[in-house]
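Good morning, colleagues. Please take a moment with the sequence and the structure before I begin.

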Amino acid sequence: MNLQEEATSVGYIARSTPKGVELITEIQRLKKEKNAVILAHYYVDGEIQELADYVGDSLGLSQAAEKTEADLIVFCGVHFMGETAKILNPTKKVVVPDFNAGCSLADSVPVAEFAALKAKHPNAVVVSYINCSADIKAMTDIICTSSNAVQIVESIPADREIIFAPDANLGRYVAHKTGRELILWEGACMVHIDISLEKLAVLKQEYPEALLIAHPECKEVILKEADYVGSTTALLKFVETSPNSTFIVATEAGILHKMKQSVPHKHLIPAPANEQNTCACSECPYMKMNTLEKLYNALYYELPEINLPEATRVPAYKALKAMLEVSA
(Lines give C-alpha, C1' and ligand atoms only; values in the text may rest on other atoms or scores of the structure.)
Protein backbone atom coordinates (compact mmCIF):
# COMPACT_ATOMS: atom_id res chain seq x y z
CA MET A 1 0.00 0.00 0.00
CA ASN A 2 1.50 3.34 -1.02
CA LEU A 3 1.18 6.50 1.04
CA GLN A 4 -1.78 7.92 -0.86
CA GLU A 5 -3.66 4.63 -0.57
CA GLU A 6 -2.86 4.53 3.14
CA ALA A 7 -4.11 8.07 3.67
CA THR A 8 -7.31 7.25 1.77
CA SER A 9 -8.08 3.87 3.30
CA VAL A 10 -6.90 4.46 6.89
CA GLY A 11 -7.61 8.18 7.06
CA TYR A 12 -4.13 9.12 8.23
CA ILE A 13 -0.51 8.08 7.78
CA ALA A 14 0.01 5.32 10.32
CA ARG A 15 3.81 5.11 10.04
CA SER A 16 5.76 4.86 13.29
CA THR A 17 7.91 7.80 14.22
CA PRO A 18 11.57 7.01 13.44
CA LYS A 19 13.73 6.12 16.43
CA GLY A 20 15.51 9.08 17.94
CA VAL A 21 13.05 11.63 16.55
CA GLU A 22 11.90 14.18 19.11
CA LEU A 23 8.44 15.03 17.86
CA ILE A 24 8.15 18.63 18.99
CA THR A 25 11.60 19.55 17.67
CA GLU A 26 10.95 17.83 14.34
CA ILE A 27 7.53 19.41 13.91
CA GLN A 28 9.05 22.84 14.46
CA ARG A 29 11.87 22.06 12.00
CA LEU A 30 9.52 20.74 9.30
CA LYS A 31 7.22 23.72 9.72
CA LYS A 32 10.07 26.11 9.00
CA GLU A 33 11.57 23.96 6.21
CA LYS A 34 8.28 23.67 4.35
CA ASN A 35 6.94 27.17 5.03
CA ALA A 36 4.00 25.55 6.78
CA VAL A 37 1.49 27.02 9.18
CA ILE A 38 -0.26 25.01 11.89
CA LEU A 39 -3.80 26.12 12.68
CA ALA A 40 -5.47 24.56 15.72
CA HIS A 41 -8.89 24.78 17.28
CA TYR A 42 -9.28 25.44 20.99
CA TYR A 43 -10.67 21.93 21.43
CA VAL A 44 -7.58 19.94 20.38
CA ASP A 45 -5.11 18.73 23.01
CA GLY A 46 -2.99 21.36 24.70
CA GLU A 47 0.31 19.93 23.40
CA ILE A 48 -0.86 20.63 19.85
CA GLN A 49 -2.14 24.09 20.78
CA GLU A 50 1.36 24.86 22.08
CA LEU A 51 2.87 24.09 18.65
CA ALA A 52 0.28 25.95 16.60
CA ASP A 53 0.91 29.28 14.90
CA TYR A 54 -2.69 30.25 15.55
CA VAL A 55 -5.22 28.83 18.01
CA GLY A 56 -8.81 29.99 17.83
CA ASP A 57 -12.48 29.37 17.21
CA SER A 58 -14.03 28.84 13.80
CA LEU A 59 -14.24 32.55 12.93
CA GLY A 60 -10.68 33.32 13.96
CA LEU A 61 -9.36 30.24 12.19
CA SER A 62 -11.19 31.17 8.99
CA GLN A 63 -9.69 34.64 9.13
CA ALA A 64 -6.22 33.23 9.81
CA ALA A 65 -6.56 30.73 6.95
CA GLU A 66 -7.55 33.50 4.56
CA LYS A 67 -4.57 35.67 5.49
CA THR A 68 -1.80 33.08 5.64
CA GLU A 69 1.15 33.30 3.26
CA ALA A 70 2.31 29.76 4.05
CA ASP A 71 2.66 27.20 1.26
CA LEU A 72 1.34 24.36 3.42
CA ILE A 73 -1.58 24.57 5.85
CA VAL A 74 -1.83 21.88 8.53
CA PHE A 75 -5.24 22.11 10.15
CA CYS A 76 -5.64 20.49 13.55
CA GLY A 77 -9.34 20.34 14.22
CA VAL A 78 -12.09 18.45 12.42
CA HIS A 79 -12.66 17.69 8.75
CA PHE A 80 -14.92 20.61 7.85
CA MET A 81 -12.29 23.03 9.20
CA GLY A 82 -9.70 21.65 6.79
CA GLU A 83 -12.26 22.02 4.01
CA THR A 84 -12.84 25.65 5.01
CA ALA A 85 -9.11 26.37 4.76
CA LYS A 86 -9.03 24.79 1.30
CA ILE A 87 -12.10 26.74 0.16
CA LEU A 88 -10.29 29.95 1.09
CA ASN A 89 -6.90 28.82 -0.28
CA PRO A 90 -7.43 26.82 -3.50
CA THR A 91 -3.79 27.09 -4.62
CA LYS A 92 -2.30 26.00 -1.28
CA LYS A 93 -1.89 22.46 -0.03
CA VAL A 94 -4.08 21.76 2.99
CA VAL A 95 -3.51 18.64 5.08
CA VAL A 96 -5.07 17.31 8.28
CA PRO A 97 -3.60 14.91 10.84
CA ASP A 98 -6.58 12.53 10.60
CA PHE A 99 -9.22 12.54 7.88
CA ASN A 100 -11.50 10.57 10.23
CA ALA A 101 -11.87 13.56 12.54
CA GLY A 102 -15.43 14.36 11.57
CA CYS A 103 -18.24 16.25 13.27
CA SER A 104 -21.59 14.93 14.47
CA LEU A 105 -23.18 18.29 13.65
CA ALA A 106 -21.83 18.42 10.11
CA ASP A 107 -22.93 14.81 9.59
CA SER A 108 -26.50 15.69 10.58
CA VAL A 109 -27.20 17.50 7.28
CA PRO A 110 -27.64 15.16 4.28
CA VAL A 111 -27.36 17.13 1.04
CA ALA A 112 -30.56 15.77 -0.54
CA GLU A 113 -32.67 16.53 2.53
CA PHE A 114 -31.22 20.02 2.81
CA ALA A 115 -31.95 20.63 -0.87
CA ALA A 116 -35.55 19.58 -0.21
CA LEU A 117 -35.85 22.11 2.63
CA LYS A 118 -34.47 24.85 0.38
CA ALA A 119 -36.97 23.90 -2.33
CA LYS A 120 -39.84 24.43 0.12
CA HIS A 121 -38.60 27.96 0.83
CA PRO A 122 -37.18 29.18 -2.49
CA ASN A 123 -37.00 32.84 -1.44
CA ALA A 124 -35.30 32.24 1.91
CA VAL A 125 -31.78 33.42 2.69
CA VAL A 126 -29.77 30.38 3.75
CA VAL A 127 -27.52 30.96 6.75
CA SER A 128 -25.36 27.96 7.61
CA TYR A 129 -23.24 27.59 10.71
CA ILE A 130 -19.63 26.98 9.69
CA ASN A 131 -19.80 23.54 11.32
CA CYS A 132 -21.07 21.93 8.11
CA SER A 133 -19.63 20.19 5.09
CA ALA A 134 -18.33 21.94 1.98
CA ASP A 135 -21.36 20.60 0.10
CA ILE A 136 -23.74 22.39 2.49
CA LYS A 137 -21.63 25.55 2.37
CA ALA A 138 -22.02 25.46 -1.41
CA MET A 139 -25.82 25.53 -0.94
CA THR A 140 -25.62 28.51 1.43
CA ASP A 141 -25.92 32.27 0.95
CA ILE A 142 -23.87 33.28 3.97
CA ILE A 143 -21.92 31.35 6.59
CA CYS A 144 -21.89 32.24 10.27
CA THR A 145 -20.01 31.17 13.38
CA SER A 146 -21.14 31.26 16.98
CA SER A 147 -19.11 34.48 17.30
CA ASN A 148 -21.05 36.34 14.62
CA ALA A 149 -24.34 34.46 14.13
CA VAL A 150 -26.43 37.26 15.70
CA GLN A 151 -24.62 39.88 13.59
CA ILE A 152 -25.10 37.84 10.39
CA VAL A 153 -28.84 37.33 10.96
CA GLU A 154 -29.30 41.01 11.84
CA SER A 155 -27.61 41.96 8.55
CA ILE A 156 -30.40 40.28 6.55
CA PRO A 157 -33.43 42.44 5.62
CA ALA A 158 -36.34 41.95 8.01
CA ASP A 159 -38.74 40.97 5.22
CA ARG A 160 -36.66 37.94 4.15
CA GLU A 161 -37.26 34.40 5.33
CA ILE A 162 -34.15 32.76 6.82
CA ILE A 163 -33.21 29.10 6.85
CA PHE A 164 -30.71 28.50 9.66
CA ALA A 165 -28.71 25.28 9.71
CA PRO A 166 -27.49 22.94 11.04
CA ASP A 167 -27.38 23.65 14.80
CA ALA A 168 -30.90 24.14 16.11
CA ASN A 169 -29.74 25.14 19.61
CA LEU A 170 -27.60 27.95 18.20
CA GLY A 171 -30.50 28.86 15.91
CA ARG A 172 -32.95 29.13 18.80
CA TYR A 173 -30.46 31.27 20.71
CA VAL A 174 -30.02 33.57 17.69
CA ALA A 175 -33.79 33.78 17.17
CA HIS A 176 -34.21 34.81 20.81
CA LYS A 177 -31.46 37.45 20.59
CA THR A 178 -32.62 38.94 17.28
CA GLY A 179 -36.38 38.49 17.49
CA ARG A 180 -36.30 36.88 14.04
CA GLU A 181 -38.32 33.81 13.14
CA LEU A 182 -35.92 31.23 11.71
CA ILE A 183 -36.60 28.04 9.77
CA LEU A 184 -34.37 25.67 11.74
CA TRP A 185 -32.60 22.52 10.71
CA GLU A 186 -32.77 20.22 13.73
CA GLY A 187 -29.08 19.33 14.06
CA ALA A 188 -26.98 19.30 17.22
CA CYS A 189 -23.42 18.86 18.49
CA MET A 190 -23.16 15.63 20.45
CA VAL A 191 -20.66 17.18 22.86
CA HIS A 192 -22.72 20.21 23.82
CA ILE A 193 -26.05 18.42 24.11
CA ASP A 194 -24.49 15.79 26.40
CA ILE A 195 -23.80 18.32 29.16
CA SER A 196 -25.85 17.15 32.14
CA LEU A 197 -28.32 19.56 33.75
CA GLU A 198 -28.65 17.29 36.79
CA LYS A 199 -24.91 17.04 37.38
CA LEU A 200 -24.60 20.78 36.83
CA ALA A 201 -27.11 21.39 39.60
CA VAL A 202 -24.99 19.30 41.99
CA LEU A 203 -21.84 21.15 40.89
CA LYS A 204 -23.46 24.54 41.43
CA GLN A 205 -24.43 23.51 44.97
CA GLU A 206 -20.82 22.50 45.60
CA TYR A 207 -19.52 25.79 44.17
CA PRO A 208 -22.24 28.39 44.86
CA GLU A 209 -19.81 31.22 44.06
CA ALA A 210 -19.16 29.90 40.53
CA LEU A 211 -20.53 31.54 37.40
CA LEU A 212 -21.89 29.15 34.78
CA ILE A 213 -20.73 30.12 31.29
CA ALA A 214 -22.04 28.24 28.26
CA HIS A 215 -21.65 27.90 24.51
CA PRO A 216 -24.87 28.55 22.54
CA GLU A 217 -24.72 25.02 21.07
CA CYS A 218 -25.84 23.79 24.51
CA LYS A 219 -29.46 22.85 25.11
CA GLU A 220 -31.84 25.67 25.93
CA VAL A 221 -32.30 24.38 29.50
CA ILE A 222 -28.56 24.81 30.07
CA LEU A 223 -28.49 28.28 28.50
CA LYS A 224 -31.35 29.40 30.76
CA GLU A 225 -29.22 28.49 33.78
CA ALA A 226 -26.10 30.22 32.46
CA ASP A 227 -24.77 33.49 33.79
CA TYR A 228 -23.13 34.17 30.42
CA VAL A 229 -23.57 32.67 26.93
CA GLY A 230 -21.03 33.15 24.18
CA SER A 231 -18.77 31.64 21.54
CA THR A 232 -15.60 29.84 22.56
CA THR A 233 -13.55 33.01 22.17
CA ALA A 234 -16.18 35.04 24.01
CA LEU A 235 -16.09 32.58 26.92
CA LEU A 236 -12.31 32.94 27.05
CA LYS A 237 -12.55 36.72 27.12
CA PHE A 238 -15.26 36.58 29.79
CA VAL A 239 -13.12 34.61 32.26
CA GLU A 240 -10.21 36.97 31.54
CA THR A 241 -12.18 40.13 32.30
CA SER A 242 -14.70 39.02 34.91
CA PRO A 243 -13.90 39.92 38.53
CA ASN A 244 -15.25 36.51 39.51
CA SER A 245 -12.69 33.83 40.34
CA THR A 246 -14.63 30.57 39.84
CA PHE A 247 -16.32 29.39 36.66
CA ILE A 248 -18.15 26.30 35.47
CA VAL A 249 -17.40 26.07 31.75
CA ALA A 250 -20.13 24.44 29.63
CA THR A 251 -18.39 23.66 26.36
CA GLU A 252 -15.75 21.23 25.07
CA ALA A 253 -13.07 20.90 27.75
CA GLY A 254 -10.18 21.68 25.41
CA ILE A 255 -10.76 25.40 25.91
CA LEU A 256 -9.64 25.06 29.52
CA HIS A 257 -6.02 24.77 28.34
CA LYS A 258 -6.05 28.31 26.94
CA MET A 259 -8.14 29.61 29.84
CA LYS A 260 -5.68 28.26 32.41
CA GLN A 261 -2.85 29.96 30.55
CA SER A 262 -4.72 33.26 30.57
CA VAL A 263 -6.05 33.15 34.16
CA PRO A 264 -3.90 30.67 36.13
CA HIS A 265 -5.13 32.16 39.39
CA LYS A 266 -8.80 31.40 38.68
CA HIS A 267 -10.70 28.18 39.35
CA LEU A 268 -12.06 26.65 36.13
CA ILE A 269 -14.40 23.67 36.33
CA PRO A 270 -15.47 21.73 33.23
CA ALA A 271 -19.21 21.17 33.00
CA PRO A 272 -20.05 17.48 33.54
CA ALA A 273 -21.34 15.23 30.78
CA ASN A 274 -24.09 12.63 31.01
CA GLU A 275 -21.67 10.08 29.61
CA GLN A 276 -19.19 8.61 32.05
CA ASN A 277 -15.63 9.29 30.94
CA THR A 278 -12.18 9.65 32.44
CA CYS A 279 -12.24 13.45 32.58
CA ALA A 280 -15.82 13.77 33.91
CA CYS A 281 -16.23 16.54 31.33
CA SER A 282 -17.41 17.18 27.79
CA GLU A 283 -14.84 16.02 25.25
CA CYS A 284 -15.11 15.78 21.46
CA PRO A 285 -13.73 12.39 20.39
CA TYR A 286 -13.11 13.74 16.89
CA MET A 287 -10.97 16.64 18.11
CA LYS A 288 -8.96 14.20 20.21
CA MET A 289 -8.05 12.22 17.08
CA ASN A 290 -5.45 14.91 16.48
CA THR A 291 -2.20 13.69 18.06
CA LEU A 292 1.43 14.79 17.92
CA GLU A 293 2.36 11.67 15.97
CA LYS A 294 -0.33 12.28 13.34
CA LEU A 295 0.62 15.95 13.16
CA TYR A 296 4.24 15.00 12.52
CA ASN A 297 3.25 12.53 9.80
CA ALA A 298 0.90 15.04 8.16
CA LEU A 299 3.76 17.54 8.00
CA TYR A 300 6.37 15.02 6.90
CA TYR A 301 4.33 13.19 4.23
CA GLU A 302 1.95 16.09 3.42
CA LEU A 303 -0.97 13.70 3.69
CA PRO A 304 -3.91 13.27 4.03
CA GLU A 305 -4.65 16.19 1.76
CA ILE A 306 -7.96 18.06 1.45
CA ASN A 307 -9.14 18.52 -2.14
CA LEU A 308 -12.46 19.89 -3.37
CA PRO A 309 -14.04 20.11 -6.81
CA GLU A 310 -14.36 23.70 -8.07
CA ALA A 311 -18.12 23.20 -8.52
CA THR A 312 -18.32 22.87 -4.73
CA ARG A 313 -15.51 25.20 -3.71
CA VAL A 314 -16.57 28.30 -5.66
CA PRO A 315 -20.13 28.69 -4.27
CA ALA A 316 -18.86 27.69 -0.80
CA TYR A 317 -16.21 30.41 -1.12
CA LYS A 318 -18.90 33.01 -1.92
CA ALA A 319 -20.81 32.07 1.25
CA LEU A 320 -17.66 32.22 3.39
CA LYS A 321 -16.53 35.47 1.81
CA ALA A 322 -19.94 37.01 2.52
CA MET A 323 -19.44 36.17 6.20
CA LEU A 324 -15.91 37.52 6.32
CA GLU A 325 -17.02 40.80 4.76
CA VAL A 326 -19.75 41.27 7.37
CA SER A 327 -17.33 40.31 10.16
CA ALA A 328 -14.39 42.42 8.96
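I shall discuss a set of annotated cysteines, and then two charged residues.

Please keep in mind that this is a predicted model. I begin with the record. In an unreviewed entry, UniProt assigns the feature "binding site" to Cys103, Cys189 and Cys284. How are these residues placed relative to one another in space, given that they span 182 residues in sequence? No two of their C-alpha atoms are more than 9.4 Å apart, so the set gathers at one spot. Cys103, Cys189 and Cys284 also belong to the lining of the largest cavity.

Let me take two of these cysteines in turn. Cys103 sits in a loop, with strand 4 (93–95) on one side and helix 6 (104–107) on the other. Its relative accessibility is 12%; the cut-off for a buried residue is under 20%, and Cys103 therefore counts as buried. Setting aside residues within four places in sequence, its contacts are Val78, Phe80 and Tyr286.

Cys189 is likewise found in a loop, the one that joins strand 8 (183–184) to helix 11 (197–206). Is Cys189 buried or exposed? With a relative accessible area of 10%, Cys189 is buried. Beyond residues up to four places away in sequence, Cys189 touches Ser104, Leu105, Asp167 and Glu217.

I now turn to the charged residues, starting with Glu26. This residue is part of helix 2, which runs over residues 23–33. Why does Glu26 count as buried? Its relative accessibility is 16%, and the limit is under 20%. Which residues does Glu26 contact, once its neighbours within four places in sequence are left aside? They are Val21 and Tyr296. Tyr296 is 270 residues from Glu26 along the chain, yet the two C-alpha atoms are separated by 7.5 Å. The side chain of Glu26 also makes a polar contact, at 2.8 Å, with the side chain of Arg29.

The last residue is Arg313, located in helix 16, residues 310–327. Arg313 has a relative accessible area of 11% and is buried. What does its side chain reach at 2.8 Å? The partner is the backbone oxygen of Ile87. Ile87 also appears among the contacts of Arg313, together with Lys86, Pro90 and Leu308, when neighbours within four places in sequence are left aside.

To close, I return to the annotated set: Cys103, Cys189 and Cys284 carry the UniProt feature, and these cysteines take part in lining the largest cavity. Thank you for your attention.

Terms used
Residues numbered from 1 in each chain as written. Predicted model: local features only at pLDDT ≥ 70, side-chain atom pairs only at ≥ 80, totals over all residues. Heavy atoms only, no water. Helix = DSSP H or I, 4+ residues; strand = E, 2+ residues; numbered from the N terminus. Buried < 20%, exposed > 50% of the residue type's maximum accessible area, 1.4 Å probe, protein only. Contact = heavy atoms within 4.5 Å. Polar contact = N/O pair within 3.5 Å; in protein donor to acceptor, adjacent residues only side chain to side chain. UniProt positions renumbered as here; feature names shortened; annotations may be inferred. 1 Å grid on protein atoms, 1.4 Å probe; cavity = no way out; pocket = protein on both sides within 12 Å on 5 of 7 lines; lining within 4 Å.
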